[in-house]
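Me: I am new to this one. Please show me the structure, and then let me ask how you know what you say about it.

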Amino acid sequence: MTRKIWVFDTTLRDGEQVPGAKLNLYEKLEAAKQLKKLQVDMIEAGFPSSSAGDFNAVKEIAAKVGNTDDVIITALARAVKSDIDAVYNSVKYAEKPLIHIVLGTSDIHVEKKFAKSKSQILDIGVDAVKYAKTLLPDVQYSTEDASRSDFEYLWATIEAVVKAGATIINVPDTVGYAEPEEFGKLIFKINDRLKNLNDQVLLSVHCHNDLGMATANTLSAIKNGADKVECTINGIGERAGNASLEEVVMAVNTRSEVYQAYTNINTREIMNTSRLISSFMGLDVQVNKAITGDNAFAHSSGIHQDGLLKSRDAYEIISPIEVGLDDMELVLTARSGRHAVKNALEKLGFTQLTETQFEGIFEAFLELADAKKEVYNHDLYVIVENYYTEHDIHNQDITNYSDNFFELMDLQVISNPIFPSASVKMKKADQILKNSAVGSGPIDALYSAITEISELDIKLLEYNISSVSRGKEALGKVKIQVEYKGEIYTAKATDTDIMKASALAYINAINSIVVDHLLPVK
Ligand code: KIV
Ligand code: ZN
């Protein structure tokens, strides 16, 4: 029988503990709205006693996002009255509020952090739950550092707080020390006793990623009876982070026969949520991160591209559409084989190429791919057109398409606090186009100058720069995302001059728009 697994998102509390990731009120509210669209069951909106700003953010989220009964809004309190009051006074505006109390159970926490006896700590926990119950019916109790706690003391705590009225017991692997098999056994043992004590109480887990096992530990807990999982978007959180929501959810979805479980998550909102959190918090997602990394659905090896084109299931276990992406991405690089290049050409309409013509075009493709790293559709048009011209081929397949593409000739960017400005010289067919612009910063000025030349109504959504090598000759890689008529275009470029890389990435995006929207009909 498949069971529902409750998904508790703590991106706005544990995730926000990442240095530099603090959000303002507007950003927190927008992020919470997106989490609701993702259909998480519970949102931990913050730690209200930590600051007036956090208190207000939790209150706003409770009132504006928690205004329906399909999402529970909670916030964190230590086992002290003032913290519990702060949580109550901020979450009480939600339709379904919950108070979350945390108190350590490991010897290290009891003896070293609190310098108290185990029975004193247990009493503090029970009193905190009893007090919280006078305010709200739903109370979650977290036994901090549970995975390093003496089992019988851990159980004694759980039994006492459940008897005091806790409705959810959360078992955290606070320092990411647990190992999947061992953590699974712990959850199995607790679940066995808990269901005998009170089968209405939910058993939850909260795993950290210090040994890279947060997702594995969370999944092992699900296999062993956990009803609820605590996660964050992109796995962000204290130190090495928390179990990543998208990994846990997609593992449960993809291998439901193993976990005998499902979640209520709208997986098609995963990428939107990941991008929003990453951009608000300024935390880049590791490119090879499972599910939400840039390369998670990008296939570049020739062997893989060939296999995928023959049958997608050869190298694809999740359809990118399921997580909110357009489709699988076959990146054309020097490692792409003939099959992938032929397929890309056919999609552009070049279906009648002879064997000899294709071989000539493929050779030119390899040369360009070596120089440019990634080859775009507009590059393919130029390659085919050059080939036709060189071989004096007159084909209606192509009517000077390359005349529609833009090429960078030169640029100058001035960075200063008063008038950041840029001048660009570009080429389109045999026209030389020049323009200058002032912006809020050098990139804004550069992109304004290029946008005006293109005469396209483009919106820059994301700009990202990173170094792909080290030392004086380091290459800057710029990756951007732009929107045109509701469609999103991603483009990249690499150069030792980061302003040039920025301009080239933007022009790659513009040329992709030209391919999709502005080429004369064949
Ligand atoms: O890691 C932890 O133990 C926590 C608790 C507050 C659940 O974040
Ligand atoms: Zn945590």
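What follows is a set of short questions with reasoned replies.

Me: What kind of model is this, and how many helices and strands are there in the protein?
Reply: The model is predicted. The protein has 17 helices and 18 strands. Its C-alpha trace spans about 90 × 55 × 45 Å along the principal axes. Of its 522 residues, 50% count as buried.

Me: What makes Asp-14, His-206 and His-208 donors of the zinc ion (ligand 2)?
Reply: Distance decides. A donor is an N, O or S atom within 2.8 Å of the metal. Asp-14 offers OD, while His-206 and His-208 each offer NE2. These atoms lie 2.0 to 2.1 Å from the zinc ion, so they meet the cut-off of 2.8 Å. Water is not among the atoms, so the site may look incomplete.

Me: How are the donor residues of the zinc ion (ligand 2) spaced in sequence?
Reply: The spacing is D-x191-H-x1-H. Asp-14 sits in the loop between β2 (6-9) and α1 (25-37), and His-208 in the loop between β8 (202-207) and α8 (214-223). The pair therefore ties together parts that are 194 residues apart in sequence. Both Asp-14 and His-208 are buried.

Me: Why is Ile-418 called exposed?
Reply: Exposed means over 50% relative accessible area. Ile-418 has 65%, so the word applies. Ile-418 lies in the loop between β13 (406-414) and β14 (421-428).

Me: Which residues form a nonpolar patch on the surface with Ile-418?
Reply: Phe-419 and Val-438 join Ile-418 there. Together the three have about 350 Å² of accessible area. Patch residues need over 30% relative accessible area. Ile-418, at 65%, is over that cut-off.

Me: What makes β2 and β9 a pair of strands?
Reply: Two strands pair if at least two bridges are found between them. β2 and β9 have four bridges and run in the parallel sense, so they count as paired. Asp-9 stands opposite Cys-231 in β9.

Me: How do you know that β8 also pairs with β9?
Reply: Three bridges join β8 to β9, and the strands run parallel. At least two are needed, so the rule is met. Ser-204 has Lys-228 in β9 as its bridge partner. From β8 the chain crosses through α8 to β9, in a right-handed β-α-β crossover.

Me: Which residues show that both faces of strand β9 are covered?
Reply: Lys-228 and Glu-230 are buried on one side. Val-229 and Cys-231 are buried on the other.

Me: Why is the contact of Lys-4 and Asp-41 called a salt bridge?
Reply: The rule asks for a Lys or Arg side-chain nitrogen within 4 Å of an Asp or Glu carboxyl oxygen. Lys-4 and Asp-41 meet at 2.8 Å, N to O, so the rule is satisfied. Lys-4 is in strand β1 (residues 3-4), and Asp-41 is in the loop between α1 and β3 (42-44), 37 residues apart. Lys-4 is partly exposed at 26% relative accessible area. Asp-41 is buried at 5%. By this rule the count comes to 32 salt bridges.

Me: How far apart in helix α1 are Lys-33 and Glu-30?
Reply: They are three residues apart, and therefore separated by about one helical turn. Their side chains meet in a salt bridge at 3.3 Å, N to O. Lys-33 has 39% relative accessible area and Glu-30 has 24%. Partly exposed covers values between 20% and 50%, so both residues get that label.

Me: Why is Lys-479 called buried, and what of its salt-bridge partner?
Reply: Buried means under 20%. Lys-479 is at 17%, so it counts as buried. Its partner is Asp-294, at 2.6 Å, N to O. Lys-479 lies in strand β17 (residues 476-484) and Asp-294 in the loop between α11 (270-281) and β11 (298-299), so the pair ties together parts 185 residues apart in sequence. Asp-294 counts as partly exposed at 33%.

Me: Is Asn-511 buried or exposed?
Reply: Asn-511 is buried, because its 2% is under the 20% cut-off. Asn-511 is found in helix α17 (residues 498-518).

Note on methods. Residues are numbered from 1 along each chain as its sequence is written. Chains are lettered from A and ligands numbered from 1 in the order in which they are written. This is a predicted model: local features need pLDDT of at least 70, side-chain atom pairs count only at pLDDT 80 or more; totals for chains, interfaces and linings use all residues. Side-chain values use heavy atoms; hydrogens and water are left out. Patches are made of residues with over 30% relative accessible area and no salt bridge: like charges are joined within 9 Å, nonpolar side chains (Val, Leu, Ile, Met, Phe, Trp, Tyr) within 5 Å. Accessible areas come from the Shrake-Rupley method with a 1.4 Å probe; for residues, only the protein chains shown count as cover. Buried means under 20% relative accessible area, exposed over 50%, partly exposed in between (1.4 Å probe, protein chains only). Donors are N, O and S atoms within 2.8 Å of the metal (3.2 Å for Na, K and Ca); water is not among the atoms, so sites may look incomplete. A crossover is right-handed if, with the strands pointing away from the viewer, the path from the first strand over the helix to the second runs clockwise.
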